[in-house]
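Please describe how the interior of this protein is put together, and how its helices pack against one another. A careful account in running text, with one small table, would suit a first-year student.

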Amino acid sequence: MKRRRRTEILIKGSTDIAKKLAQEIIQNYNVKTIEKPNNGLVMIKTRETAKKNLFYLGEIFVTEAKVQVENSLGIGIVQGNNQELAYHLAVIDAAYNGNFKEIKTWLQILLNEEKSIMADNERYKNSVLKTKVNFETMDV
């Protein structure tokens, strides 16, 4: 599983999953904090649709953490002020970078959480669509 997809699942899903996965690594390995979770600003780059030019939309407030597990580095960045989640993401990232044995059991956990997120999104989408007005059937 690629980093982007994994991180998206961990951020959008339950924070308990990130905590549980990170605890597995913390209990079994020596985790060294390189950079404690701290706040910062990150520029958001986007592409406008008319001329396809890149431009900076603005800055976004983030929390960032860096750790080293054994010889693997990990970084966790999350939007807003969520120091615990940023730290857990960094530990999980280091585990994947080091190809630790624990990550083999995490795939199914992440896939199940992804299904749960997709089901929640579908329920939300359906609840929004219920409010849609069909103007063709309205009497004027």
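In this predicted model, the largest nonpolar core has 28 residues, and those with the most contacts inside it are Leu10, Ile25, Val67, Val69, Ile92 and Trp106. Two or more residues of this core are given by each of helix 1 (3-12), helix 2 (15-28), strand 2 (54-69), helix 3 (83-97) and helix 4 (103-129). Helix 3 supplies the largest share, which amounts to ten residues. As a general background, nonpolar side chains tend to be buried together in soluble globular proteins.

Two helix pairs that involve helix 3 can be set side by side. In general, two packed helices are described by the angle between their axes and the distance between the axes.

| Helix pair | Angle between axes | Distance between axes | Handedness of crossing |
|---|---|---|---|
| helix 1 and helix 3 | roughly 150° | within 11 Å | right-handed |
| helix 2 and helix 3 | about 55° | 9 Å | left-handed |

Helix 1 and helix 3, whose axes cross at roughly 150°, are therefore roughly antiparallel, since an angle over 145 degrees counts as such. On the side of helix 1 the contact is made by Arg3, Arg6, Leu10 and Ile11, while helix 3 contributes Leu85, Leu89, Ile92, Asp93, Tyr96 and Asn97. Two of these names, Leu10 and Ile92, also appear among the residues with the most contacts inside the core.

Helix 2 and helix 3 pack at an angle of about 55°, and helix 2 is therefore oblique to helix 3. Here Ala18, Lys19, Leu21, Ala22, Gln23, Ile25 and Ile26 of helix 2 meet Glu84, Leu85, Tyr87, His88, Val91, Ile92 and Ala95 of helix 3.

Tyr87, which lies in helix 3, counts as buried because its relative accessibility is 19%, and the limit for that word is under 20%. Leaving aside neighbours within four places in sequence, Tyr87 is in contact with Ile26, Val31, Thr33, Pro37, Ala65 and Val67. Glu48, by comparison, is 39 residues from Tyr87 in sequence and 33 Å from Tyr87 in space, C-alpha to C-alpha.

Val67, with the same kind of neighbours set aside, is in contact with Val31, Lys32, Thr33, Ile34, Ser72, Leu73, Gly74, Tyr87, Ala90, Val91 and Ala94.

One of these partners, Ser72, is found in strand 3 (residues 72-79). Is Ser72 buried or exposed? With a relative accessible area of 10%, Ser72 is buried, because that value is under 20%. The side chain of Ser72 reaches the backbone nitrogen of Gly98 at 3.2 Å. Beyond residues up to four places away in sequence, Ser72 touches Val67, Ala94, Asn97, Gly98 and Phe100. Finally, Ser72 and Val31 stand 41 residues apart in sequence, and their C-alpha atoms are 9.7 Å apart in space.

Terms used:
Residues numbered from 1 in each chain as written. Predicted model: local features only at pLDDT ≥ 70, side-chain atom pairs only at ≥ 80, totals over all residues. Heavy atoms only, no water. Helix = DSSP H or I, 4+ residues; strand = E, 2+ residues; numbered from the N terminus. Buried < 20%, exposed > 50% of the residue type's maximum accessible area, 1.4 Å probe, protein only. Polar contact = N/O pair within 3.5 Å; in protein donor to acceptor, adjacent residues only side chain to side chain. Contact = heavy atoms within 4.5 Å. Core = buried A, V, L, I, M, F, W, Y, C linked by side-chain atoms within 4.5 Å. Axes fitted to C-alpha atoms, helices over the stretch in contact; angles between N-to-C directions. Parallel < 35°, antiparallel > 145°, perpendicular 65-115°, else oblique. Left-handed = near helix turned anticlockwise from the far one by under 90°.
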